[in-house]
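Good morning, everyone, and thank you for making time for this. I would like to walk through one model, going from one region to the next, so please keep the display open while I talk.

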Amino acid sequence: MGIETSCDETSVAIVADGKEIYSNIIASQIPTHRRYGGVVPEIASRKHVENIAMVVDQALQDAKISLKDLNGIAVTRGPGLVGALLVGVSTAKAMAYSLNVPLLGVHHLMGHIYATFLEHPGIKLPLLCLVVSGGHTSLIQLESYGRMRLLGQTRDDAAGEAFDKVARALGLPYPGGPEIEELARKGDPQAIDFPRAWLEKGSLDFSFSGLKSSVLNYLNRAGQKGLEINKADVAASFQQAIIDVLVTKAVTAAERIGTKQMAVAGGVAANSALKETIKRKAGKADLEVLIPSPIFCTDNGAMIACAGYYALLEGNKSPLELNAVPNLPMDFLR
Ligand code: KG4
Ligand code: ZN
């Protein structure tokens, strides 16, 4: 069983052997948080408390199994909202203790990376991964379970965070990524030349705060001058700027390490324009790109169950003293 409660989805999944998805229940809190323009941590914790038992039951029911069939309980232990994480962690600990099965604390980022293995269980390691979510934008080389090398990461905003902030400025609801994607379909991606932060020559790091400020300045200036704003053009040009940088750096990383396969994971990987562009550019470089189905890109229990399965194979069990760690660092190889 995989339990995910790090942010605004209460999700529980039953997965066999890291690949057979028996059930993957996601109770989204988006409608609740939408009226506040973003996730309200205290409300998120309470909603998780209200939902978790029901979601666990539903996951077992859909999988047509009972508690005694479980071989392990995996749970996101961080990073995330502490109150939200605690609901999942407490549930997992109680279940692991009462069922006498292993408890597996999973780093949320590791869950996103392992989402790729759900649909491609035979992938060979090492694997290059571009992880793009609301909290992370990183290029990571996965060498074996829990052994990762960091090739580059954002120095400020994550890509998803930039999508959410720009969407808000455009008057679009939370979460902004899917809204911008939809609006961008009607716009011209070349209409406005927003900046791309390439950083120092050869750097695989990212920076999106300058792009975000540039969009906000553009909107403010136009507002002050009383000019009409073509929101679809702003959305399309902003999205293009993010995609250009993500794709170029990911393909450069693949060429530099000499791999012919790459995974893209995390909420932003659900973006169709990003998927099309990265597949096209990678294709030219003879590089295969693996992207989980959209339901496994955004937060879900199945990816946590999958990461937990590989942790179990490695004998990487957690003690029952496991705690939620809101800013859990990633232990990267040097
Ligand atoms: O992975 P995720 O569900 O949660 C985190 O771990 O952060 O990612 C959520 C982020 C949000 O910022 C959301 O706006 C973004 O992913 N997102 C998208 C799309 N769907 C979700 N961004 C761009 N295009 C999308 N279609
Ligand atoms: Zn996530």
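Before anything else, let me fix one term, since the opening argument depends on it: a residue is called buried when its relative accessible area is under 20%, reckoned with the protein chains only. Please also keep in mind throughout that this is a predicted model.

With that cut-off in hand, let us begin with strand β2, where eight of the eight residues are buried, so the strand is largely enclosed by the rest of the structure. As a general point, side chains in a regular strand alternate between the two faces of the sheet. In β2, Glu-9, Ser-11, Ala-13 and Val-15 point one way, while Thr-10, Val-12, Ile-14 and Ala-16 point the other way, and all of them are buried.

What lies beside β2 in the pairing? On the one hand, β1 is joined to β2 by three bridges, the two strands running antiparallel, and here Gly-2 stands opposite Ala-13. On the other hand, β2 pairs with strand β3, residues 20-28, again in the antiparallel sense and over eight bridges, with Val-12 opposite Ile-25 of β3. Both connections are hairpins: the one from β1 to β2 passes through four residues, whereas the one between β2 and β3 has three residues between the strands, and within it Asp-17 takes a positive phi near 55°.

Let me stay for a moment with the loop between β1 and β2, as Ser-6 is found there. Is Ser-6 buried or exposed? Its relative accessibility is 3%, and Ser-6 therefore counts as buried. The side chain of Ser-6 makes a polar contact of 2.6 Å with that of Glu-4. If we set aside neighbours within four places in sequence, the residues in contact with Ser-6 include Thr-76, Pro-79, Leu-85, His-108 and Asp-299.

His-108 brings us to helix α4, residues 108-119, in which eleven of the twelve residues are buried, so this helix, too, is largely enclosed by the rest of the structure. The buried residues of α4 include His-108, His-112, Tyr-114 and Phe-117.

I turn now to the other sheet I want to show, an open one of six strands in the order β10-β9-β6-β7-β8-β11, with mixed pairing. Its edges are formed by β10 and β11, and because each of these has a single partner strand, one side of each is left without a neighbour in the sheet. At the β11 edge, strand β8, residues 147-153, runs parallel to β11 and is joined to it by two bridges, with Arg-149 opposite Leu-333.

Towards the β10 edge we meet β9, residues 261-265, and four of its five residues are buried, so β9 is largely enclosed by the rest of the structure. Strand β6, residues 127-132, pairs with β9 in the parallel sense over four bridges, while β9 and β10, residues 288-290, pair in the parallel sense over three. Ala-263 of β9 appears in both pairings, as the bridge partner of Cys-129 and, across from β10, as the residue opposite Leu-290. The strands β9 and β10, together with helix α9, residues 272-284, make a right-handed β-α-β unit.

Within helix α9 I would single out Ser-272. At 22% relative accessibility, Ser-272 counts as partly exposed, because the limit for buried is under 20%. Beyond its neighbours within four places in sequence, Ser-272 is in contact with Glu-181 and Arg-185. The C-alpha atoms of Ser-272 and Glu-182 are 9.8 Å apart, although these two residues are separated by 90 residues along the chain.

Finally, the ligand. Which residues are the closest to ligand 1? Of the 20 residues that surround ligand 1, the closest are His-112, Gly-134, Asp-164, Glu-181 and Asn-271; two of these names have come up already, since His-112 is among the buried residues of α4 and Glu-181 is in contact with Ser-272. Oxygen atoms of ligand 1 also lie at short listed distances from backbone N or O atoms: 2.8 Å in the case of Gly-134, and 3.0 Å in the case of Gly-267. For Gly-160, a polar backbone atom is 3.1 Å from an oxygen atom of ligand 1. On its own, ligand 1 has 550 Å² of accessible area, and the protein covers 89% of that.

Methods:
Residues numbered from 1 in each chain as written. Chains lettered and ligands numbered in written order. Predicted model: local features only at pLDDT ≥ 70, side-chain atom pairs only at ≥ 80, totals over all residues. Heavy atoms only, no water. Buried < 20%, exposed > 50% of the residue type's maximum accessible area, 1.4 Å probe, protein only. Polar contact = N/O pair within 3.5 Å; in protein donor to acceptor, adjacent residues only side chain to side chain. Contact = heavy atoms within 4.5 Å. Pairing = 2+ DSSP bridges. Right-handed = clockwise from strand over helix to strand, strands pointing away. Near = heavy atom within 4 Å. Areas by Shrake-Rupley, 256 points an atom, 1.4 Å probe, with all protein chains shown as cover.
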